[in-house]
Amino acid sequence: SILLVVRMAGALLAPIMDCDETFNYLEPVHYLVRGSGMQTWEYSPQYALRSYALIELYALPVRLAQGVLGLDKVRTFYFLR
């Protein structure tokens, strides 16, 4: 239970220190889950340098949490972090 508190504090209080966290993971998950948002060039079908396979591993629990818990965009972001 203390580990859960520490994880929640880290997700809520720690700033995003690296833009790669946002543009290589959080934005593509939002793109897959919500169907809108920014698609980086690495994931675009034109270049396809990165696969959506890893992103789908993050998107699956987000979809489940949204369906079960009814999370909005902000709560979904903190759930993913």
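Q: Before we look at helix 1, what is the expected span of a helix?
A: The expected span is 1.5 Å times one less than the number of residues in the helix.

Q: And how far does helix 1 reach in this structure?
A: This is a predicted model. In it, helix 1 covers residues 2-13, and its first and last C-alpha atoms are 16 Å apart, close to the expected 16 Å.

Q: Is helix 1 covered or hardly covered?
A: Helix 1 is hardly covered, since one of its 12 residues is buried.

Q: How many helices and strands are there overall?
A: The protein has four helices and zero strands. Along the sequence, the pattern reads α-α-α-α.

Q: Let us turn to helix 3. Why does its length agree with the expected value?
A: Helix 3 has 17 residues, 53-69, so at 1.5 Å a residue it should span 24 Å; its end C-alpha atoms are indeed 24 Å apart.

Q: Where does helix 3 bend?
A: The bend, of about 25°, is at A59, and the proline P61 follows within four residues.

Q: Which residues of helix 3 are buried?
A: They are I55, A59, V62, A65 and Q66. A59 is thus both the site of the bend and one of the buried residues.

Q: What do those buried residues pack against?
A: They pack against helix 2 (19-34) and helix 4 (73-80).

Q: What follows helix 3?
A: G70 follows, with a positive phi near 65°.

Q: Now the whole protein: what share of it is buried?
A: Of its 81 residues, 22% count as buried. The accessible surface is about 5,900 Å², and carbon and sulfur atoms account for 65% of that surface.

Notes: Residues numbered from 1 in each chain as written. Predicted model: local features only at pLDDT ≥ 70, side-chain atom pairs only at ≥ 80, totals over all residues. Heavy atoms only, no water. Helix = DSSP H or I, 4+ residues; strand = E, 2+ residues; numbered from the N terminus. Buried < 20%, exposed > 50% of the residue type's maximum accessible area, 1.4 Å probe, protein only. Areas by Shrake-Rupley, 256 points an atom, 1.4 Å probe, with all protein chains shown as cover. Bend = angle between axes of the 7 residues up to and from the residue. Contact = heavy atoms within 4.5 Å.
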